[in-house]
Amino acid sequence: MTPVVSGRALRTPGERIALRVLPRALLVCAVLAAVLAVTAVIGLVMGDFDVPLADVLAALRGEATGRARFIVTGLRLPRLLVAMFVGAALGVAGAIFQGLSRNPLGSPDIIGFTAGSATGALLVLLVGGGGAGAIAIGAVLGGFVAALLVYLLSYRRGVSGFRLILVGIGVSAMLGGVNAFLVTRAQLRDAQAAQLWLTGSVNGRGWDHVTLIGLTVLLLLPIAVLLGRALPQLELGDEVARARGLAVERSRALLMLVGIGLTAVATAVAGPIAFVALAAPQIARRLTRTPGPGLVPAALTGAALLTVGDVAAQRIFSPVPIPVGVATAAIGGIYLAWLLARQWRSGRG
């Protein structure tokens with residue numbers, strides 16, 4: 001059955017590139033951007049040492065000196081930007097993999113890619129003893145190796161979404177055991193650092209982290225949006241997509257590469273933050289009321305979830321703030337239980 005196409009189409013000269021714009025999706029994106037802006041102001045102004053808004057603005061213009069400049073541009077702004085970019089990367093990656101698997105459980109933290117990135121980072125941190133750059137490279141390589149393993153194990157004349165999720169859950173469990181083994185075999189100080197990293201946090205992230213995740217998102221998000229035009233066709237099934245002239249395996253492989261890249265770099269920067277990739281695409285889809293995966297709304301939703309979660313984790317539990325990964329795991333666990341119950345009641349569990 002041909003899906004109903006709504007919204008307004010925007011085309012470049014020559015119609016080489018065309019995008020479908022939905023008014024409700026635009027409104028949702030505007031609201032999410034406003035939420036991010038308000039949260040950013042709160043995050044920059046409030047803290048252990050409150051900074052007046054006028055001093056924050058002066059610091060952003062490069063006119064402040066002393067404590068205000070150090071707190072705003074040295075501590076809070078890079079943390080805020082890392083939270084936004086990591087949340088956006090996880091939201092887009094989740095939308096890609098949920099679209100490819102045609103299942104809301106098909107997010108990278110469920111099917112093993114995040115665990116693979118964590119394994120790569122831990123091997124560098126605990127065995128190789130590398131610095132931040134080496135840890136990032138290890139996380140990226142670990143994510144790609146885990147994805148390749150899941151893809152090969154689930155490939156049977158094509159990759160079905162259900163088989164991809166089952167194999168991914170098994171690989172994730174295996175890698176979780178490897179990660180626990182690496183931590184238990186490490187020296188006490190290294191094990192504490194590794195366990196803190198495994199919790200997932202944006203605390204203490206600096207401008208080098210902002211540069212890494214920012215460039216990754218700015219590079220891969222437009223590519224994901226262009227490739228993402230194939231996702232609605234893939235959600236109709238491989239046979240239907242092929243009948244419509246889509247190169248199914250090539251489109252799936254390219255989308256997986258983009259999703260893995262976003263997941264791996266986000267994990268390298270902030271650690272394996274749970275459930276943002278799982279929840280953000282579903283929340284965005286319900287807000288926009290669109291049948292297909294909206295990558296830009298998913299990116300903004302992921303950025304808002306992680307940024308609001310980090311500011312809340314700092315303020316609610318002050319003066320002993322908790323890592324944002326603990327907050328997302330606690331809320332995400334409730335969401336996953338609800339999602340599984342909903343799947344079971346609809347007969348899809």
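1. The nonpolar surface patch. In this predicted model, Leu27, Val31, Val35 and Val308 together make a nonpolar patch of about 320 Å² on the surface. Helix H1, which covers residues 23-45, gives the most to this patch, contributing three residues. Leu27, one of the patch members, is found in helix H1, and with a relative accessible area of 56% Leu27 is exposed, because the cut-off for calling a residue exposed is over 50%.

2. The overall make-up of the protein. Looking at the whole chain, one can count 14 helices and two strands in the protein. The radius of gyration is 20 Å, and the globule rule gives 20 Å for 349 residues, so the protein is as compact as a globular protein of that length. Along the principal axes, the C-alpha trace spans about 65 × 50 × 40 Å.

3. Burial, surface and contacts. Of the 349 residues of the protein, 49% count as buried, while the area that the protein exposes comes to about 17300 Å², with carbon and sulfur atoms supplying 67% of it. For a student learning to read such a fold, the contacts are also worth a look: among contacts with a separation of 6 or more, residues 24 or more positions apart account for 73%.

4. The salt bridges in general, and one pair in particular. How many salt bridges does a search of the whole structure find? The search finds four. One of them joins Arg61 and Glu63, whose closest N and O atoms are 3.2 Å apart, and both Arg61 and Glu63 are exposed.

5. The salt bridges of Glu249. The side chain of Glu249 meets that of Arg242 in a salt bridge with an N to O distance of 4.0 Å, and the side chain of Glu249 also meets that of Arg252 in a salt bridge, here with an N to O distance of 3.1 Å. Glu249 and Arg252 are three residues apart in helix H11, which runs over residues 248-270, and they are therefore separated by about one helical turn. Through salt bridges that share partners, Arg242, Glu249 and Arg252 are joined into one network.

6. How accessible the members of this network are. Is Arg252 buried or exposed? With a relative accessible area of 4%, Arg252 is buried, because buried means under 20%. Glu249, at 23% relative accessibility, counts as partly exposed, and Arg242, at 37%, likewise counts as partly exposed; these two assignments follow because partly exposed is the class between the buried cut-off of under 20% and the exposed cut-off of over 50%.

7. A serine in helix H6. Ser172 lies in helix H6, which is formed by residues 161-184, and at 16% relative accessibility Ser172 counts as buried. Which residues does Ser172 touch, if those up to four places away in sequence are not counted? The residues that Ser172 touches on this basis are Asp109, Ile110, Ile111, Gly112 and Ala115.

Note on methods. Residues numbered from 1 in each chain as written. Predicted model: local features only at pLDDT ≥ 70, side-chain atom pairs only at ≥ 80, totals over all residues. Heavy atoms only, no water. Patch = residues over 30% accessible without salt bridge, like charges linked within 9 Å, V, L, I, M, F, W, Y side chains within 5 Å. Areas by Shrake-Rupley, 256 points an atom, 1.4 Å probe, with all protein chains shown as cover. Helix = DSSP H or I, 4+ residues; strand = E, 2+ residues; numbered from the N terminus. Buried < 20%, exposed > 50% of the residue type's maximum accessible area, 1.4 Å probe, protein only. Rg over C-alpha atoms; globule rule 2.2 N^0.38 Å. Contact = heavy atoms within 4.5 Å.
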